[in-house]
Amino acid sequence: MRKTEIEKTDILRAAAQVIELYGTDGLNARSVARQLGVSTQPVYSRFKSMEGLVQAMREEGARLYRCKIDEFLRDKDHNRYQAYGMGFVRFAREEKGFFRILYLVPTQGGGYFRVQDPYFNEIVEEIQRSYGMERELAERFHTEMAIFSFGLAALVNFGNLDLSEDEISLRLKRQFYAQYALYYPEQAAHMRSFANQAEEQLCKMQSKSNT
């Protein structure tokens, strides 16, 4: 009987499962091999080192994150900037191990979100196009939004927060409107109105879930 060949994608998926089960400190060739039910030989034949495996996981994580973004970009219920936030949280929920290796393991370089988020520049450029902000302001605006989104995504990733995608969407909208009002005081009343609407919808959802 011909032995089933272990592909790179099998190893990457097993490594993500190891991280989900045991954390990033539990990731090594033996734990990945154990998850696959094989010796370490296939791991080292596909990846010459653990550093190579981790880098491949980062690349695969970025690809999977892109897929989640694109799912929301095709959804006309979300504007383009919101699609990035929704894709980020869905990625955190559905690809737990890849999210952790991409966002919860420090890398060298300055500026956390510039280094960690493979789509930082793309998102900032979208803010510039959609809202007419200068580059520096758009970077600052997105970094502050990303801090909120990251906290939400991390809580969802670790199972500490169980929210529907409608609830996540409303929370992101509420944060966006509130933050936009701070950046553009002349539109504060208008933005606060939108934020209050999102808050009211959230309260209704929570009331229904508690009954």
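A residue is termed buried when its relative accessible area is under 20%, exposed when the value is over 50%, and partly exposed in between. In the predicted model described here, this criterion was applied first to helix 6, which spans residues 96–103. Seven of the eight residues of helix 6 are buried, and the helix is accordingly described as mostly covered. The buried residues are Gly97, Phe98, Phe99, Arg100, Ile101, Leu102 and Tyr103.

The packing of helix 6 against helix 9 was then examined. Two packed helices are described by the angle between their axes and the distance between the axes. For helix 6 and helix 9, the latter comprising residues 135–157, the angle is about 140° and the axes lie 10 Å apart. Angles over 145 degrees count as roughly antiparallel and those from 65 to 115 as roughly perpendicular; the two helices are therefore oblique to each other. The crossing of helix 6 past helix 9 is left-handed. On the side of helix 6, the contact involves Lys96, Phe99, Arg100 and Tyr103, which meet Phe150, Ala153, Ala154 and Asn157 of helix 9. Of the residues in this contact, five are nonpolar, one is polar and two are charged. Phe99, Arg100 and Tyr103 thus appear both in the contact with helix 9 and among the buried residues of helix 6.

Helix 9 also contains glycine 151. The relative accessibility of glycine 151 is 31%, so this residue counts as partly exposed. Between glycine 151 and asparagine 28 there is a separation of 123 residues in sequence, and their C-alpha atoms are 27 Å apart in space.

Charged side chains were considered next. Side chains of opposite charge can pair when their charged atoms come close. In the model, 13 salt bridges were counted. One of the pairs examined joins glutamate 60 to arginine 63, with an N to O distance of 2.8 Å. Both residues belong to helix 4 (residues 50–73), where they are three residues apart, or about one turn of the helix. Glutamate 60 is classed as buried because its relative accessibility is 17%, whereas arginine 63, at 43%, is classed as partly exposed.

Helix 4 holds a further pair, lysine 68 and glutamate 71, which are likewise three residues apart, about one turn of the helix. The closest N and O atoms of this salt bridge are 4.0 Å apart. With a relative accessible area of 10%, lysine 68 is buried, while glutamate 71 is partly exposed at 28%.

A salt bridge between distant parts of the chain was also identified. Glutamate 165 pairs with arginine 90, and their closest N and O atoms are separated by 2.6 Å. Glutamate 165 lies in helix 10 (residues 165–183) and arginine 90 in helix 5 (residues 80–94), the two residues being 75 apart in the chain. Because its relative accessible area is 28%, glutamate 165 is partly exposed; arginine 90, with a relative accessibility of 17%, counts as buried.

These last two pairs belong to a wider arrangement. Lys68, Glu71, Arg90, Glu94 and Glu165 are linked in a network of salt bridges. The network includes the helix 4 residues lysine 68 and glutamate 71, together with arginine 90 of helix 5 and glutamate 165 of helix 10.

Terms used:
Residues numbered from 1 in each chain as written. Predicted model: local features only at pLDDT ≥ 70, side-chain atom pairs only at ≥ 80, totals over all residues. Heavy atoms only, no water. Buried < 20%, exposed > 50% of the residue type's maximum accessible area, 1.4 Å probe, protein only. Axes fitted to C-alpha atoms, helices over the stretch in contact; angles between N-to-C directions. Parallel < 35°, antiparallel > 145°, perpendicular 65-115°, else oblique. Left-handed = near helix turned anticlockwise from the far one by under 90°. Contact = heavy atoms within 4.5 Å. Nonpolar A, V, L, I, M, F, W, Y, C, P; charged D, E, K, R; others polar. Salt bridge = Lys/Arg side-chain N within 4 Å of Asp/Glu carboxyl O.
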